[in-house]
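Biologist: I am new to this structure, and I would like to go through a few of its descriptions with you, asking each time how the wording is justified.

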Amino acid sequence: MARKGYCLLLISRTAQKLDKVKAEIVAECPNCPAVKTMAVDFTLDSIYKTIAEEINALNGHVHVLINNVGMAYKYPEYFTKIPNSDKFISDILNCNILSVTRMTHIVLPLMEKRRSGIVINISSYSALFPTPLLAMYSASKIYMDYLSRALHAEYKDRGIIVQSVLPYYVSTNMIRNPGISFMIPSPDQFVSSALKTVLPGAAR
Ligand SMILES: NC(=O)c1ccc[n+]([C@@H]2O[C@H](COP(=O)([O-])OP(=O)(O)OC[C@H]3O[C@@H](n4cnc5c(N)ncnc54)[C@H](OP(=O)(O)O)[C@@H]3O)[C@@H](O)[C@H]2O)c1
């Protein structure tokens, strides 16, 4: 039986990849009311007006926001030895910290109006302890975790769940697709397991 599903707005950097994911979703869920895509670069701080306009065009109904975008180091490195460091510093802070903050800030008021909503923020196990040689990555992920937990406390009584997810390794491009093993699930396996934890009161 065909599944119905939400209207979706997929936001990422590469238009062709977004089109491919959209085609997969439409094939699997032909009754999905709408799948829109938007190619933007989250290392820039100038994108949020356009994103807010696109979201407001959804008639102010946002049920779920997933903040998944993130970038890591190419390889572990001392803070002062990172190549092209001026650009890397602003890129990683914009992509990992500004993005979750601005996206949540755009969407929460819409959820507040409906007294319902779920925000899922993909942090990392590296938020659990300071990680030398990945210092900014690890620091950005604990920011995400603290932001999520504090916002969950602020908004849970208004019907909004803000969940912080701290994956260990998942076989993706970020870790150069090492393949699936007992310790490293595929993205599909990880997501289907993680989604079972999104319950009122289950937010980390
Ligand atoms: N994989 C792991 O082992 C692991 C572990 C813990 C936490 N995480 C976290 O999980 C999240 C997802 O990571 P992943 O492993 O799926 O990484 P990934 O394979 O590198 O995918 C990252 C996604 O973010 C998009 N993206 C990257 N930079 C962007 C930018 N500047 N602007 C817009 N979109 C951008 C990418 O789009 P394009 O492909 O178009 O660039 C891609 O869709 C991240 O927040 C990561 O920190 C991953």
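Biologist: How do you know that the span of helix 3 (residues 85-114) agrees with its 30 residues?

Modeller: The expected span of a helix is 1.5 Å times one less than its number of residues, so helix 3 should span 44 Å, and its end C-alpha atoms are 43 Å apart, which agrees. Helices here are DSSP runs of H or I with at least four residues, and strands are runs of E with at least two, numbered from the N terminus. This is a predicted model, in which local features need pLDDT of at least 70 and side-chain atom pairs count only at pLDDT 80 or more, while totals for chains, interfaces and linings use all residues. Residues are numbered from 1 along each chain as its sequence is written, and side-chain values use heavy atoms, with hydrogens and water left out.

Biologist: Where does helix 3 bend, and by about how much?

Modeller: Helix 3 bends by about 40° at Leu98, the bend being the angle between axes fitted to the seven residues ending at a residue and the seven starting there.

Biologist: Why is Lys156, in the loop between helix 4 (135-155) and strand 5 (160-165), called partly exposed?

Modeller: Buried means under 20% relative accessible area and exposed over 50%, with partly exposed in between (1.4 Å probe, protein chains only), so Lys156, at 45%, counts as partly exposed.

Biologist: What makes the pairing of Tyr137 with the ligand a polar contact?

Modeller: A polar contact is a pair of N or O atoms within 3.5 Å; within protein, one must be able to donate a hydrogen and the other to accept it, and residues adjacent in sequence count only if both atoms are side-chain atoms. An N or O atom in the side chain of Tyr137 is 2.6 Å from an oxygen atom of the ligand, so the pair falls within that limit.
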